[in-house]
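Biologist: I'd like to learn how to read a structure like this. Could you take me through it step by step?

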Amino acid sequence: MKMSFQHLAATLALVAGLAGSTALASAQSASDGIVVYNAQHESLTKAWADGFTKQTGIKVTIRNGKDMEFANQIVQEGAASPADVFLTENSPAMALVDGAGLFEPLNADTLAQVPENYRPANGHWVGVAARSTVFAYDKNKLTEDKLPKSLLDLADASWKGRWGAAPAGADFQAIVSAVLELKGEEATAAWLKAMKENATPYKGNSVAMKAVNAGEIEGAVIYHYYYYGDQAKTGENSKNVSLHYFKNEDPGAFVSISGGGIPASSKHKEQAQAFLKWVTGKGGQAVLRDGDSFEYAVGEGEAANAKLVPLADLNAPKVEPSKLNSKKVTDLMTAAGLL
Amino acid sequence: MLQVPYPLVRRRVLPHVPVVAAAAIVSLISLLPVGFVVWIAIQTGSETASALIFRPRVGELLINTFLLLAFTIPLSIALSVTLAWLTERTDLAGARLWAWLAVAPLAVPAFVHSYAWVSLLPGLHGLFGGVLVSTLAYFPFLYLPVSAQLRRLDPAIEDAAASLGHGPWRVFFHAVLPQLRLAICGGSLLIGLHLLAEYGLYVMIRFDTFTTAIVDQFQSAFNGPAANMLGGVLVICCFALLGLEALARGNERYARVGSGAPRLPVQQRLGWLALPALALCAFTALLALGVPFVTLGRWLILGGSEVWRLGPLGAAFGQTIVYALAGAALTTLMTVPMAWLSVRAPGRVQRIMEACHYYVGSLPGVVVALALVTITVRVALPLYQTMATLLLAYALLFLPRSLVGLRASIAQVPVELEQAAMALGRTPLRAVLQITMRLAAPGVAASMALVGLGITNELTATLMLAPNGTRTLATEFWALTSEIDYVSAAPYALLMVLMSLPVTLLLYTQSKRMAGR
């Protein structure tokens, strides 16, 4: 490995130049478009961004992360936040940012595109999609009469070692926030304690469903679209799986609203407003109906994917999305040893 | 510092000052992560801190960590020492090939190893899975130093033991093994630190360690106190490992005395053991290389040409190269002062500063990233989410790799050449740059290669610190496997392996050359 000093120096200079120019290029791209802090599935947001860019010519830079990570991050960044749009999978993260007073009110025409039950009353953010809690079970092991009647039944000692979930994920934490809102702190803490005993923790809902499919556990508390998504692809990870909807306004029938909002610190508010209008409008909702995300559409008069059980039939509990308390949930889950 | 009132000597001491200053600045920067942990612990307050540290979950994680280390390290030692002995000191057929195959698993990033294993055995999880995959991914870190050490041993000691009536097994355990102590301790420490820092491997294999728990907390609450306190415990674990290694290393003398050069070691005849020995080598290669390459190949065939989406793949590849080169250049630049000082002006201050350079490299990426995220968002906003911060994180993580490569090369440059250049009128700085650094170019290249390899496969710090819109091979691979899209992830894994292969080859040939062969 012979290398002359001149070559080395030239290489170093070249590297520095290259690095500098790409850094500059990425800074450039951020200034002439919008930055989306995206906690949704990357493929869905990518489809939204591509559709939006195609129609408006506005560039979209996506940063991927998780609901609560971004919510807390936006709070810490405060006025300096580079985010122009924040998209989540669940409402608690939205509630957190809104609680800190960091959202820009949305334009009325955007809000008008979404029915009132899929957005908070103050209009600081808006539902962009929805997902339902389900109990995904191994149909070879469980028959319908042996299924839990309520999510809370899974705390029973008879369920020890038989079910799983992804407690570190924002999805499950949103479900817990619904339990907290519907049943109170004491009951939630007790349920979480029992969960630590009974449930196998997985990293991610798809992994939990895969475990059900492989016969490692009998059932898992996840969201509905993991099943449909896999069925639409190869079905390899869900061939033994069936979905149980709790209904009866049970906490386990909780329908979680994915939100979109605009941090007040955004320097591209107009483009950001246009983005959310597009996502909640015909184009964005059609992506939900026709694409392979299998999340529910929430736009006024927009139909969901035909393969799904209609939202209206799910008999979900009434939960005000802006009241979901994520901080309390992480504290309770940390105390229960789940985090 | 040594100050002799002697004009001639002082002229040689003075040029050190800017170098010492530069090295001191780097040392101070390297104290940042630990300083941060202490600062945040004070900020959190003793009550909250102790509630977050002394809780059952931390106990669980400690037990997991302990078990992981307690099984993986001895297993890796046994495997590496056996393989090294077989490939270096016996008449094993195809020894050179097996030696190369024992190093090659390093080219496969740990989280690609686990990706291959969970593809093959979806139910593999927990401690057993963790130990299995970690051993396969990391045992070359022990194999490399142990085999190099074996090659250099003076066989005279073994002859003496044999002449005193010891059988071959006793000779091995009483005369050879003790001489491998330094290599085993060093390699074990390296593996232990990797076990503490690894994230992707354990997420896929579903085994909770401090690193995975910290990332869970980070994703649930950004840089909340719970994440920071777990980070503090993890730092203590790293220091405990460093201390343990220092204790286990001992102070024995390993250099040979006597005149002349040692003769070449005799190759032991394996006899009937040849077959089981070959089987062991083949089995190890099958698990550590066969499994990753076969599963990777299977996913690539399943995916066909469709998964080669050249746009995103090319972009990720380009960004990875830029980060690897820029990070390697910065890291090497930052270690030059220290490397030069430790060769030209060793002393107490220099040793302390050098320790700073080494300790920071033992910290997991997640701790360094957590510190830099919080520091930049709270007090250095212009640096927040910039390439500069990410490069600094890389530099801190990989300082020791760079130092090792550079120091050896600088040590080979005679100081007289520097002095002659100064006598001919060059300023001290120019003398160092034009003479020493030019001759040390191979070390610079080695340092850049090692750091670049580390950056290519880095995941946690990149996820937490990268500027908006950044996609490296590792983060893209990670995003796809998180959605169990194993097919689309395969090309990214393949590119990472291909980028790592040349450096692995370099490590292999260097370890051969070290033994003069």
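Modeller: We'll go from whole chains to helix pairs, then to single residues and the interface.

Modeller: One caution to begin with: this is a predicted model, where local features need pLDDT of at least 70, side-chain atom pairs count only at pLDDT 80 or more, and totals for chains, interfaces and linings use all residues. As for labels, residues are numbered from 1 along each chain as its sequence is written, while chains are lettered from A and ligands numbered from 1 in the order in which they are written.

Biologist: Got it. What does the secondary structure of chain A come to?

Modeller: Helices (H or I, at least four residues) and strands (E, at least two) are DSSP runs, numbered from the N terminus. On that count, chain A has twelve helices and nine strands. Chain B has 26 helices and zero strands.

Biologist: And what is the radius of gyration of chain B, next to the globule rule?

Modeller: The radius is taken over C-alpha atoms, and the globule rule is 2.2 Å times the number of residues to the power 0.38. For the 517 residues of chain B the rule gives 24 Å, and the chain has a radius of 24 Å, so chain B is as compact as a globular protein of that length. Its C-alpha trace spans about 70 × 65 × 50 Å along the principal axes. For chain A, with 339 residues, a compact globule would be near 20 Å, and the value of 22 Å agrees. The C-alpha trace of chain A spans about 75 × 60 × 40 Å along its principal axes.

Biologist: How many of the residues in chain A count as buried?

Modeller: A residue is buried if 20 or more other C-beta atoms lie within 10 Å of its own, exposed if 12 or fewer, and partly exposed in between, with C-beta atoms placed from the backbone. By that test, 53% of the 339 residues of chain A are buried. In chain B, 50% of the 517 residues are.

Biologist: Now helix packing. How do I describe two helices side by side?

Modeller: Two packed helices are described by the angle between their axes and the distance between the axes. Axes are lines fitted to C-alpha atoms, for helices over the stretch in contact, and angles run from 0 to 180 degrees between N-to-C directions. Try α7 (residues 110-120) and α8 (residues 126-138) of chain B: their axes are 9 Å apart, at an angle of about 135°. That makes α7(B) oblique to α8(B); under 35 degrees counts as roughly parallel, over 145 as roughly antiparallel, 65 to 115 as roughly perpendicular and the rest as oblique.

Biologist: Which residues of α7(B) and α8(B) meet?

Modeller: Contact needs C-beta atoms, placed from the backbone, within 7 Å. Ala110(B), His113(B), Ser114(B) and Trp117(B) from α7(B) meet Val133(B), Leu136(B) and Ala137(B) from α8(B). Those residues divide into five nonpolar, two polar and no charged. Here Ala, Val, Leu, Ile, Met, Phe, Trp, Tyr, Cys and Pro count as nonpolar, Asp, Glu, Lys and Arg as charged, and the others, Gly among them, as polar.

Biologist: Is there a pair like that to look at in chain A?

Modeller: Look at α2 (residues 42-56) and α11 (residues 282-290) of chain A, whose axes come within 10 Å and cross at roughly 145°. Ala47(A), Trp48(A), Gly51(A) and Gln55(A) of α2(A) touch Gly283(A), Gly284(A) and Val287(A) of α11(A). That contact has three nonpolar, four polar and no charged residues.

Biologist: What is unusual to look for in a single residue?

Modeller: Check the backbone angle phi. Phe294(A) has a positive phi of about 60° although it is not a glycine. Phe294(A) lies in the loop between α11 and α12 (326-335) of chain A, and counts as buried because it has 23 C-beta neighbours inside 10 Å. In chain B, Arg206(B) is not a glycine either, yet has a positive phi of about 55°. Arg206(B) sits in the loop between α13 (200-204) and α14, and is buried, with 21 C-beta neighbours inside 10 Å.

Biologist: Last one: which element gives the largest share of the side of chain B that touches chain A?

Modeller: In total, 36 residues of chain B contact 43 residues of chain A. The largest share of the chain B side, six residues, comes from α14(B). By class, that side has 22 nonpolar, nine polar and five charged residues.

Key: Two residues are in contact if their C-beta atoms, placed from the backbone, lie within 7 Å.
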